[in-house]
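Biologist: I should be grateful for a close look at a single part of this protein, explained in terms that a first-year student can follow. Please choose one residue, describe its surroundings, and then place it in the wider fold.

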Amino acid sequence: MLSPDRIAQTLSRHGLRQTPVRRAVLQVMTNSPFALSVGEIEPQLPPDTDRITLYRTLKSFEESGLIHRVIDASDVIRYATCSIECSAKAHFDNHVHFKCTSCQHVYCLNQVAIPAVTLPDKFEAVHRDYLLAGLCRECHPA
């Protein structure tokens with residue numbers, strides 16, 4: 001759990017204003033060991049939080065390099081916090097994501113880099129997403 005001072009420092013470092021919703025969303029995001037959907041974030045916020053404000057907050061967090069979208073095989077958009085090196089100008093989240101086929105949580109495996117891929121001539125990759133599926137630590141049988 002990040003202290004209120006660390007939340008404020010993080011928002012300031014990314015050029016974001018200090019609002020109660022931004023502080024609450026960042027706290028929820030940093031407390032989660034896995035990527036979260038809007039439907040998983042919203043119940044953890046104060047009850048008077050407006051859904052439009054939540055979407056705008058997530059958009060501003062993504063644009064400033066504070067969070068990134070996590071790709072999984074479903075239509076649900078999930079978000080996870082970025083590494084400290086990320087900014088509005090550059091994301092450095094070239095890591096593998098892992099989706100548990102039991103609990104459906106999607107984890108960022110920051111320590112596992114996306115393998116290098118050589119593309120054929122006249123192909124240029126703009127985004128790199130790499131998703132593995134299986135059982136997470138919590139769901140894996142002992």
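Modeller: Let us begin with a side-chain contact: in this predicted model, the side chain of R78 makes a polar contact with the side chain of E40, at 3.2 Å. R78 belongs to strand β3. Is R78 buried or exposed? Its relative accessibility is 9%, and the limit for a buried residue is under 20%, so R78 counts as buried. Leaving aside residues up to four places away in sequence, R78 touches A35, L36, S37, E40, H68, R69, V70, D72, Q104 and V106.

One of these neighbours, S37, leads to the sheet. S37 has R78 as its bridge partner in β3. Two bridges join β1 to β3, which covers residues 78-81, and these two strands run antiparallel. In general, the strands of a sheet pair through backbone hydrogen bonds, either parallel or antiparallel. Here the sheet is open and has three strands in the order β1-β3-β2, with antiparallel pairing. Its edge strands are β1 (36-37) and β2 (67-70), each of which pairs on one side only.

Two helices pack on this sheet. Helix α2 touches β1, β2 and β3, and its direction makes about 85 degrees with that of β3. Helix α4 touches β2 and β3, and its direction makes about 105 degrees with that of β2.

These helices also take part in the nonpolar interior. The largest nonpolar core has 24 residues, and those with the most contacts inside it are V25, I41, L58 and F61. Two or more residues each come from α1 (4-13), α2 (20-31), α3 (38-41), α4 (51-63) and β4 (95-100). The largest share, six residues, is given by α2. As for F61, it touches L11, L16, R22, V25, L26, L66 and I67, again not counting residues up to four places away in sequence. Apart from this core lies another, of five residues, among them A35, A80, V106 and C108. Of these, A35 and V106 have already appeared among the residues that R78 touches.

There remains the matter of aromatic rings. The structure holds one aromatic pair. F34 and Y107 form this pair in an edge-to-face arrangement, with 5.9 Å centre to centre and 75 degrees between the planes. F34 lies in the loop between α2 and β1, whereas Y107 lies in strand β5 (residues 106-113), so the pair ties together parts that are 73 residues apart in sequence. Both F34 and Y107 are buried.

Note on methods
Residues are numbered from 1 along each chain as its sequence is written. This is a predicted model: local features need pLDDT of at least 70, side-chain atom pairs count only at pLDDT 80 or more; totals for chains, interfaces and linings use all residues. Side-chain values use heavy atoms; hydrogens and water are left out. A nonpolar core is a set of buried Ala, Val, Leu, Ile, Met, Phe, Trp, Tyr and Cys residues joined through side-chain atoms within 4.5 Å. Buried means under 20% relative accessible area, exposed over 50%, partly exposed in between (1.4 Å probe, protein chains only). Helices (H or I, at least four residues) and strands (E, at least two) are DSSP runs, numbered from the N terminus. Contact means heavy atoms within 4.5 Å. Two strands pair if DSSP finds at least two bridges between them. Axes are lines fitted to C-alpha atoms, for helices over the stretch in contact, and angles run from 0 to 180 degrees between N-to-C directions. A polar contact is a pair of N or O atoms within 3.5 Å; within protein, one must be able to donate a hydrogen and the other to accept it, and residues adjacent in sequence count only if both atoms are side-chain atoms. Rings of Phe, Tyr and Trp (its six-membered ring) pair if their centres lie within 6.5 Å; planes under 30 degrees apart count as stacked, over 60 as edge-to-face and the rest as tilted.
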